[in-house]
Amino acid sequence: MKTIGLIGGMGWESSKLYYERINKKVNEVLGGSHSARIIMVSVDFDEIEKLTYANDWEAIAQIVTHSAKQLERAGADMVLLCTNLIHIVSKTIIENISIPFVHIADATGEVIQQQNLQKILLLGTRHTMEEDFYTKTLQKDYGLEIIIPEAEDRTLIHAIIYKELLKGKFTKASKRAILKIIEKAQIKGVDGVILGCTELPMLIKETDVTIPTFDTGNIHAHKAITMAIHTN
């Protein structure tokens, strides 16, 4: 079994789900008392958050790349960022390590493609929805039509993520607001919804909507498990 390297702390609520999901799935697949080989480096989110607000992606890239190098030195066979947004600096990470970097958009695109869906709503932070580091991969490499919410709705989702979800707050009002955004997109014909913030699935459950939802954190974790168990 290969060793999975995780960069967590952005925020820690979703990072703990990565650890839990990976271990549960490994045990489900291998049985017995098996658990996963995992190394985790967890960053201080307060520092990352301030740099995000300042749009200082170079500084963020330095922090997470340092974490990736720590994982490689510690013996990890692959690196995962336990977050969607910070994949905006994934190119820098890839250029500075010699082990595979498992990109969350690639893992998600593969799963959606397997379900033969085409028109997909993307929810996440403002940068995840508006920048091309995520949508370009899904469009170019997996042939998906990516739809993002209207500007006002993007502002609302971004605020909910930063002011509530990343602080461990999950309110009924915010859940209703995001479900309303999804319903508006359904009227326009979307086939599915990417929950492109790893905290969103803790607020919006699969059973809350009538079209497929894609829990990016769960998909990402399962991709790592496949690589760890089935790759020589």
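User: How many residues of strand 1 are buried?

Analyst: This is a predicted model. Strand 1 spans residues 4-8. Ile-4, Leu-6 and Gly-8 point one way, Gly-5 and Ile-7 the other way, and all are buried. Strand 1 is mostly covered, and the count of buried residues is five of five.

User: Why do the side chains of a regular strand point to two faces?

Analyst: In a regular strand the side chains alternate between the two faces of the sheet. Strand 1 can be read that way: Gly-5 and Ile-7 form one set, and the set pointing the other way is Ile-4, Leu-6 and Gly-8.

User: What is the strand order in the open sheet of three strands?

Analyst: Pairing in this sheet is parallel, and the order is 2-1-3. Strand 2 (38-42) and strand 3 (78-81) are the edges, as each pairs on one side only. The twist from one strand to the next averages 20 degrees. The order, again, is 2-1-3.

User: Which residue of strand 2 stands opposite Leu-6?

Analyst: Strands 1 and 2 pair in the parallel sense over five bridges. Leu-6 is one of the buried residues of strand 1. Its opposite residue in strand 2 is Met-40.

User: Are helix 1 and helix 10 parallel, perpendicular or oblique to each other?

Analyst: The axes of helix 1 (residues 12-30) and helix 10 (residues 216-230) come within 9 Å. They cross at roughly 45 degrees. Angles under 35 degrees count as roughly parallel, and 65 to 115 as roughly perpendicular. The two helices are therefore oblique.

User: What is the handedness of the crossing of helix 1 and helix 10, and how many nonpolar residues are in the contact?

Analyst: Helix 1 passes helix 10 in a right-handed crossing. Helix 1 contributes residues including Tyr-18, Ile-22 and Val-26, and helix 10 residues including Ala-221, Ile-225 and Ile-229. Four residues of the contact are polar and two are charged, while the nonpolar count is eight.

User: Which elements cover the buried residues of helix 5?

Analyst: Helix 5 covers residues 104-114, and its buried residues are Ile-104, Ala-105, Ala-107, Thr-108, Gly-109 and Ile-112. After the helix comes Asn-116, with a positive phi near 55 degrees. The cover includes helix 1, strand 4, helix 7, strand 6, strand 7 and helix 10.

User: Which strands are the edges of the four-strand sheet?

Analyst: This open sheet has parallel pairing and the order 5-4-6-7. The twist averages 30 degrees from one strand to the next. Each edge strand pairs on one side only, and the edges are strand 5 and strand 7.

User: Which residue of strand 7 stands opposite Ile-194?

Analyst: Strand 6 and strand 7 pair in the parallel sense over three bridges. Helix 10 lies across both strands, at about 55 degrees to strand 7. The residue opposite Ile-194 is Phe-214.

User: What angle does helix 9 make with strand 4?

Analyst: Helix 9 (residues 172-187) packs on the four-strand sheet, where it touches strand 4 and strand 6. Its direction makes an angle with that of strand 4 of about 160 degrees.

User: Is Ile-146 buried or exposed?

Analyst: Ile-146 lies in strand 5 (residues 145-147). Among the residues it touches are Ile-120, Leu-122, Leu-138 and Ile-194. Its relative accessibility is 12%, and the cut-off for buried is under 20%. Ile-146 therefore counts as buried.

Definitions and conventions
Residues numbered from 1 in each chain as written. Predicted model: local features only at pLDDT ≥ 70, side-chain atom pairs only at ≥ 80, totals over all residues. Heavy atoms only, no water. Buried < 20%, exposed > 50% of the residue type's maximum accessible area, 1.4 Å probe, protein only. Contact = heavy atoms within 4.5 Å. Pairing = 2+ DSSP bridges. Axes fitted to C-alpha atoms, helices over the stretch in contact; angles between N-to-C directions. Parallel < 35°, antiparallel > 145°, perpendicular 65-115°, else oblique. Left-handed = near helix turned anticlockwise from the far one by under 90°. Nonpolar A, V, L, I, M, F, W, Y, C, P; charged D, E, K, R; others polar. Lists of a residue's contacts leave out its neighbours within four places in sequence.
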